[in-house]
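Subject: A structure for you to explore

Hello,

I am passing a structure on to you, and I thought a short tour might help as you look through it. Please open it first and then read on.

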Amino acid sequence: AKLSDEGVQLMYAQKYAEASAKFREAVARVPEAKYFFNLCTSLYQEGRFSEGLVACAAVANNNPTPPLQAKANTMSDRIKAEARAQGIDVTR
């Protein structure tokens with residue numbers, strides 16, 4: 001939880017790559033849905049759309065609450081829309 005909290009603080013500071021690193025550490029230790037969602041969000045902010053989609057998909061595999069799963073689905077849609085707008089193919 002400490003790593004995730006540190007990651008959240010880094011995201012607020014707009015240090016997305018550093019936040020992603022913290023969230024990666026958190027999911028490596030405890031693969032909780034909320035950590036995957038945070039990783040998805042930080043990767044999106046970094047512009048790493050394909051990786052963000054993978055992290056969002058991992059939310060569903062880690063027993064998310066229905067509201068968290070809905071947020072992950074919304075974020076996935078947002079990532080896909082932004083990737084399309086930038087001409088980036090994330091369908092691979």
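Below is what was found, from the overall fold down to single residues.

Please keep in mind from the start that this is a predicted model.

**The overall picture**

The protein chain has 5 helices and 0 strands. Reading from the N terminus, you will meet the elements in the order α-α-α-α-α. Along the principal axes, the C-alpha atoms fill a box of roughly 35 × 30 × 20 Å. How does the radius of gyration of the protein chain agree with that of a compact globule? For 92 residues, a compact globule would have a radius near 12 Å, and the protein chain has 12 Å, so the two agree.

Some totals for the chain may help here too. Of the 92 residues in the protein chain, 40% are buried. The surface that the protein chain exposes is about 5,400 Å², and carbon and sulfur atoms supply 51% of that area. Among contacts with a separation of 6 or more, 48% are between residues 24 or more positions apart.

**Inside the protein**

Now for the interior. The largest nonpolar core has 27 residues, and the members that touch the most others are F37, C40, F49, V59, M75 and I79. Which elements give two or more residues to this core? They are α1 (2–12), α2 (16–29), α3 (33–46), α4 (49–60) and α5 (66–85). The largest share comes from α3, with 8 residues.

I79 is a good residue to click on. Setting aside its neighbours within four places in sequence, I79 is in contact with C40, Y44, F49, G52, L53 and C56.

Two of those partners, Y44 and F49, are worth a second look. The structure holds 1 aromatic pair. Its rings belong to Y44 and F49, with centres 6.0 Å apart and planes at 40°, so the pair is tilted. As a reminder, an aromatic pair is described by the distance of the ring centres and the angle of the planes. Are these two residues buried or exposed? Both Y44 and F49 are buried.

**Charged side chains**

Next come the charged groups. Side chains of opposite charge can pair when their charged atoms come close. In this model the count comes to 6 salt bridges.

One of them joins the side chains of K2 and E6, at 3.4 Å from N to O. K2 and E6 are 4 residues apart in helix α1, so about one helical turn separates them. K2 counts as exposed because its relative accessibility is 62%, while E6, at 26%, counts as partly exposed.

R48 is another one to find. Its side chain meets that of E46 in a salt bridge of 3.3 Å, N to O. The R48 side chain also meets that of E51, here at 2.9 Å, N to O. Which residues make up the network of salt bridges around this spot? R24, E46, R48 and E51 are linked in it. As for accessibility, R48 counts as partly exposed at 34%. E46 is partly exposed as well, with a relative accessible area of 26%, and E51 is partly exposed at 32%.

**Two loop residues with a positive phi**

Finally, take a look at the backbone in two of the loops. Most residues other than glycine have a negative phi. Q14 has a phi near 60°, which is a positive value in a residue other than glycine. You will find Q14 in the loop between α1 and α2. With a relative accessible area of 58%, Q14 is exposed.

N63 also has a positive phi, of about 50°, although it is not a glycine. Where is N63 found? N63 is in the loop between α4 and α5. Its relative accessibility is 75%, so N63 counts as exposed.

If you would like a place to begin, try I79 and its contacts, which include C40 and C56. After that, you could move to R48 and trace the network that links it with R24, E46 and E51.

Enjoy exploring, and do write back with any questions.

Best wishes

Methods. Residues numbered from 1 in each chain as written. Predicted model: local features only at pLDDT ≥ 70, side-chain atom pairs only at ≥ 80, totals over all residues. Heavy atoms only, no water. Phe/Tyr/Trp six-rings, centres within 6.5 Å; stacked < 30°, edge-to-face > 60°. Buried < 20%, exposed > 50% of the residue type's maximum accessible area, 1.4 Å probe, protein only. Core = buried A, V, L, I, M, F, W, Y, C linked by side-chain atoms within 4.5 Å. Contact = heavy atoms within 4.5 Å. Rg over C-alpha atoms; globule rule 2.2 N^0.38 Å. Areas by Shrake-Rupley, 256 points an atom, 1.4 Å probe, with all protein chains shown as cover. Salt bridge = Lys/Arg side-chain N within 4 Å of Asp/Glu carboxyl O.
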